[in-house]
Amino acid sequence: MREPTFDRRLLFKAVGALSASAALAPALAGPAAAATRPDIGVSVFPFPLSAVRLQAGPFLDNMNRQLAYFRFVDADRLLHTFRLNAGLASSAQPCGGWESPTTELRGHSTGHLLSGLAQAYANTGDTAYKTKGDYLVNALAACQAASPGRGFHTGYLSAFPENFFDRLESGQSVWAPYYTLHKIMAGLLDQYLLAGNQQALDVLLRKAAWTKARTDPLSVSQMQQALRTEFGGMPEVLTNLYQVTGDANHLTTAQRFDHAQILDPLAANQDRLSGFHANTQIPKILGAIREYHATGTTRYRDIAVNFWRIVLDHHSYVIGGNSNGEYFQTPDAIASQLSDNTCEVCNTYNMLKLTRQLFFTNPVAEYMDYYERALFNQILGEQDPNSSHGFVTYYTPLRAGGIKTYANDYDDFTCDHGTGMESQTKFADSVYFSNGETLYVNLFIASVLTWPGRGITVRQDTTFPTSSSTKLTISGSGHIALKIRIPKWTSGAVVKVNGAAQGTATPGTYFTIDRTWASGDVVDVSLPASLTFPRANDDAGVGAVKYGAIVLAGQYGSTNLSALPTLQPGTLAQDPANPLRFTGTASTGAVTLLPFYATHHQRYTVYWRMGSTPPAGTSYEAEAGTLGGQAAVRSSSGASGGALVGYVGGGSANYLQFNGVNATAGAHPVTLFYASGEARSLTVSVNGGAAVSVATPGTGGWDTVGSVQVTLNLAAGANTIRIGNPSGWAPDVDRIVVG
């Protein structure tokens, strides 16, 4: 079915469910009992939120702003329409936006708030968040108990009348009633699992019984017709409830929400997503992977794996988000689909939940590479750092000249406001996973893991991505098979234990150190970053700029843009004081590039028309401190912004040396950037070995930078590359890039 095509803020929304019930066994956060049923087909497990504490850094900053909002927000205002619907008195001021008393989606934000408060309590231990959550649950229980007095069936709980479901089942227009119910049910389950609130489970069980009673009388065709209206993550939350309680009725009801129109093509690995509202579909796939974990039916797993691959390869932008105008477009349409309405943040929230589930099923680095990409480049950057209450974006504009806009306290209760409350309070949930004595380090986020039951803590000190490194310090002793993700974007990664290198780390894999650890052991991980220029699927002349994992955006202040600027990648120069700041030249003139996640309150561009592109690899600047003999620094600047290093005469005593060139063992392409007003040559040697002679044609001017490429055999770890010319003058050198 093609979804309605009217404006996003008037159409159906689905956001998916909670983080706690995303992986129910065996490691639950909070005081609730462990899940009755262990997940099938899962070999890696999360730690409780209480076991991982964020340390100083941008993620903790974001979380603290969200926590301030939780302390501020008036629970009675969010309960207002629930109480009126149940016939209970309320004098609270109504909310605005999608929570206004006349909006058919009213009530959904209360569910997100329940989840966010539960996560906040589980992660921080601050009882203020539990107290507010308990208050909300108790009030909702009172509304549920009063509902029969309004003519509603037993167990019904909502901020709108039950006749919304009459309209749904008769084919009348109605705005996604099951979507709102899902949010409330997911929030109640989080309150039980993360905050130990038994009353929340009682309310949820009555609500699940109502759902079964409501859907049981519908024929298959009637139910499938009803599923054409967005229903959020109903199959996910009901399957999660089955895993918690062992009551098969919940699984039966969950499977009634299997939407054949979407799931059947995906089971056959067919991409028929174009024209469908994107975030209506993602929660259906979350339901599928949870149904696999509950039943072992591989069809469900295949649906989820196929969907993830299709969306990542054919429908995703460089920041990890998807959709334009909230809809999946023609496969591979990226450059042709840049607008103010790209990358709705709810979609990415749900894609991260799906990615997490797929990793539990198949723990390969590719899943966490994507998780990092979307978390750092979109979710971290959805929040306004100037807002003390952590206001978040709805869309993520990717047109040239786009600018982020943000929510507010009470009048912009959209779905993305809701998922933002959850995303910004669960950053700790995927940094580390485990299986027995195996520990996965997935993300480079400053944090401390206190391993339950082992007397071991792992402290991660890092300023990533400002620095491309991290340090892990072990306290306590015992066996750990430590698995550290080596991102696909790095080259020449080095892992050291107590200062000793541990062997070759292959990008796109987990590097394993299996040993008995002593208290005080230190693991240092270096992950060299370089500039890359990923291209749009539908136009190789359009691309973006990344430094390692981080997408960079051109900063345009108040200047709007009518078209993509053309960037000259070869002009990009890194700021020595800020590795994530680059300057370069575009068709609009000089431009500064900064991380997209840190770009706020000004216009920007993420995509560019691309001029000639330098080779991918790690760039090393020519530096005066590595000169030998009569070699001298010229006064002019090179393309990368540093000074050119020249030669006043030939001879073996005159050279430029690049120290600490990190690489894996084997042959590597090395590009040498130089400036020469006449044809010359130079020699290149590695680690004191035989020199290779390379011709360097005239560049057209002493300040015009050209390049030549040679293939060099490098050793694992640090290398020394020397450039000179024993028989004559060498050209002025700007830098080298090691591929």
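Which helix gives the most to the lining of the second largest pocket? Keep that in mind while you get your bearings, because the tour comes to the pocket shortly after a word on confidence.

**Before you start**

You're looking at a predicted model. Colour the chain by pLDDT: the mean is 91, and 92% of the residues reach 70 or more. Now select residues 1-34, where pLDDT stays under 50. The model has 151 contacts beyond four places in sequence for that stretch.

**Stop 1: the second largest pocket**

Head for the second largest pocket, with a volume of about 650 Å³. It has 24 lining residues, and the ones closest to its centre are Leu312, Val318, Arg373, Pro534 and Lys546, so show those five as sticks. Which elements give two or more residues to this lining? Helix 13 (298-314), helix 15 and strand 14 (535-536) do. Back to the opening puzzle: helix 15 gives the most, with six residues. Colour the lining by class and you'll find 12 nonpolar, three polar and nine charged residues.

**Stop 2: a cavity lined by helix 15 too**

The model holds six cavities of 30 Å³ or more. Go to the second largest cavity, which has about 100 Å³ of space. To see its lining, select Tyr349, Leu352, Lys353, Tyr371, Leu375, Ile379, Ser423, Lys426, Phe427, Asp429, Ser430 and Leu443. Helix 14 (345-361) and helix 15 (365-379) each supply at least two of these residues. By class, the lining divides into seven nonpolar, two polar and three charged residues.

**Stop 3: the loop after helix 15**

Next, pick Ser387, in the loop between helix 15 and helix 16 (415-423). Is this serine buried or exposed? Ser387 has a relative accessible area of 7%, which means that it counts as buried. Show the side chain of Ser387 and look for the backbone nitrogen of Phe391, which it reaches at 3.2 Å.

**Stop 4: three residues between helix 13 and helix 14**

Now move to the loop between helix 13 and helix 14. Start with Glu326, which sits in this loop. What is notable about the phi of Glu326? It is near 75°, a positive value in a residue other than glycine. Most residues other than glycine have a negative phi. Glu326 is also buried, with a relative accessible area of 0%.

Cys343 is in the loop between helix 13 and helix 14 as well. Its phi is positive too, at about 50°, although Cys343 is not a glycine. With 0% relative accessibility, Cys343 counts as buried.

Finish this loop with Gln337, placed between helix 13 and helix 14. Gln337 is buried, at a relative accessible area of 18%; the cut-off for buried is under 20%. Which residues does Gln337 touch, leaving aside its neighbours within four places in sequence? Select Tyr317, Asn324, Gln329 and Thr342 to see its contacts.

**Stop 5: helix 10 and its partners**

Jump back along the chain to helix 10 (residues 248-256). Asp247 caps the N-terminal end of this helix. Draw a distance from a side-chain oxygen of Asp247 to the backbone nitrogen of Asn249 and you should get 2.9 Å.

Which residues of helix 10 are buried? They are His250, Leu251, Thr253, Ala254 and Arg256. In an α-helix, residues three or four places apart point the same way, because there are 3.6 residues a turn. Then show what the buried residues of helix 10 pack against: helix 7 (198-215), helix 8 (220-226), helix 9 (234-245) and helix 12 (278-295).

**Stop 6: a cis peptide bond**

Select Phe464 and Pro465 and zoom in on the bond that joins them. The peptide bond from Phe464 to Pro465 is cis, with omega near 10°. Most peptide bonds are trans. Where is Pro465? Look in the loop between strand 6 (456-461) and strand 7 (469-475).

**Stop 7: Val645**

For the last stop, select Val645 in strand 25 (residues 643-646). Val645 is buried, with a relative accessible area of 1%. Leaving aside neighbours within four places in sequence, Val645 has contacts that include Ala622, Glu623, Leu627, Ala632 and Val633. Leu656, Pro731, Asp732 and Val733 are also among its contacts.

Before you close the viewer, add Gln55, 590 residues from Val645 along the chain. How far apart are the C-alpha atoms of Gln55 and Val645? A line drawn between those two atoms spans 42 Å.

Notes: Residues numbered from 1 in each chain as written. Predicted model: local features only at pLDDT ≥ 70, side-chain atom pairs only at ≥ 80, totals over all residues. Heavy atoms only, no water. 1 Å grid on protein atoms, 1.4 Å probe; cavity = no way out; pocket = protein on both sides within 12 Å on 5 of 7 lines; lining within 4 Å. Points joined across faces, edges and corners; volume = space filled by probe spheres on them. Helix = DSSP H or I, 4+ residues; strand = E, 2+ residues; numbered from the N terminus. Nonpolar A, V, L, I, M, F, W, Y, C, P; charged D, E, K, R; others polar. pLDDT = per-residue confidence, 0-100. Contact = heavy atoms within 4.5 Å. Buried < 20%, exposed > 50% of the residue type's maximum accessible area, 1.4 Å probe, protein only. Polar contact = N/O pair within 3.5 Å; in protein donor to acceptor, adjacent residues only side chain to side chain.
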